Amino acid sequence: MKNVVIRRWTVGAVGVVLGLGAVGCGGQKGGDSTAGHVPGAGIAARTAPAVTPASQSPAWRPLTQDELERAVVDERDLPGWTVSRLGAGTDGLGDGTVSALREGGTHPASCAPVGSALSGASKYTPLGSVTRMAQNEDGISTMHLVSYRAADAVQVMDELRSAMASCTSYTMTFPMDTTFEKLRRTGDPHQGDEGVSFRLDVVSRDPAGDSDPVRSLQSFQVIRSGSTVAVFDAIDMDAYRLRKIPAVLVTAQLKVLETGGHRR
């Protein structure tokens, strides 16, 4: 039964489906990748450890892959929920698979930070990533946690906000032809160090034209806690109904992240 649920979810979760292709072949080793990135003076000033109390949080220090996996919620934090790993037997999706993305797959390219965010990615090279599906009797949500260098995490959020100032719709052609429409902000969260909330309509089409387009409504919250960017989404296959991201999921995840994660 669980496998059936995951397959049904995957059909509708276009953001994660796009992530399958993106993390599998969109990584960069140069150009916009920041493996050797030296932040500018403005960014350095914003991220200097001594100037803000938030920098004392365990989440401010860039987390390794192992540390990030200990900082993700599970059933201990969410009684009545099932939190599942995604990626077993699936190429390109799972812990440690998010990578820097090129901007060429999003049209117009100015919307690339939005398109990347749907799969938990950006043009900056992450230090680690986790992906989870959280489910209770009310529905399913997915979540990415991505660890960055401190200055890069700030840039991810800055560029996402800048893109949303002008981006209202865009298309992506890989791994399927998908149109993202009616993009708009939906009251930003007041958790973490900063955050952006938005919704959009998603229309995905089979390139072979063998099936009707699949339309869904998706809502997203992208929240930075220190140098970790958390992306939460909720999907409703009813194209006229928007399901909210569960506040209890967001609160529980940020609490675990900000207190340094679980002791195994």
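**Cores and ring pairs in a predicted model**

Of the 264 residues in the protein chain, 52% are buried (under 20% relative accessible area with a 1.4 Å probe, protein chains only). This is a predicted model, in which local features need pLDDT of at least 70 and side-chain atom pairs count only at pLDDT 80 or more, while totals for chains, interfaces and linings use all residues. Residues are numbered from 1 along each chain as its sequence is written, and side-chain values use heavy atoms, leaving out hydrogens and water.

Trainee: How many helices and strands does the protein chain have?

Mentor: Happy to start there! Helices (H or I, at least four residues) and strands (E, at least two) are DSSP runs, numbered from the N terminus. By that count the protein chain has 9 strands and 7 helices.

Trainee: Which element gives the largest share of the largest nonpolar core?

Mentor: A nonpolar core is a set of buried Ala, Val, Leu, Ile, Met, Phe, Trp, Tyr and Cys residues joined through side-chain atoms within 4.5 Å. The largest one has 29 residues, and Val114, Tyr170, Phe198 and Val229 are among those with the most contacts inside it. Elements that each supply at least two of its residues include helix H5 (112-117), strand E7 (194-205) and strand E8 (214-225). The largest share, 6 residues, comes from H6.

Trainee: How many residues are in the other core, the one with Phe232 and Leu254?

Mentor: That core lies apart from the largest one. Val130 and Val250 are also among its members, and its size is 23 residues.

Trainee: What is the angle between the planes of Tyr170 and Phe180?

Mentor: Good one to check in the viewer. Rings of Phe, Tyr and Trp (its six-membered ring) pair if their centres lie within 6.5 Å; planes under 30 degrees apart count as stacked, over 60 as edge-to-face and the rest as tilted. Tyr170 lies in strand E5 and Phe180 in strand E6, so the pair ties together parts 10 residues apart in sequence. This pair is stacked, at 4.6 Å centre to centre, and the angle is 10 degrees.

Trainee: Why is the pair of Phe198 and Phe220 stacked?

Mentor: Phe198 is buried, with a relative accessible area of 1%, and Phe220 is buried at 1% too. Phe198 sits in strand E7 and Phe220 in strand E8, 22 residues apart. Their ring centres are 5.3 Å apart, and the pair is stacked because the planes are at 15 degrees.

Technical notes
Buried means under 20% relative accessible area, exposed over 50%, partly exposed in between (1.4 Å probe, protein chains only).
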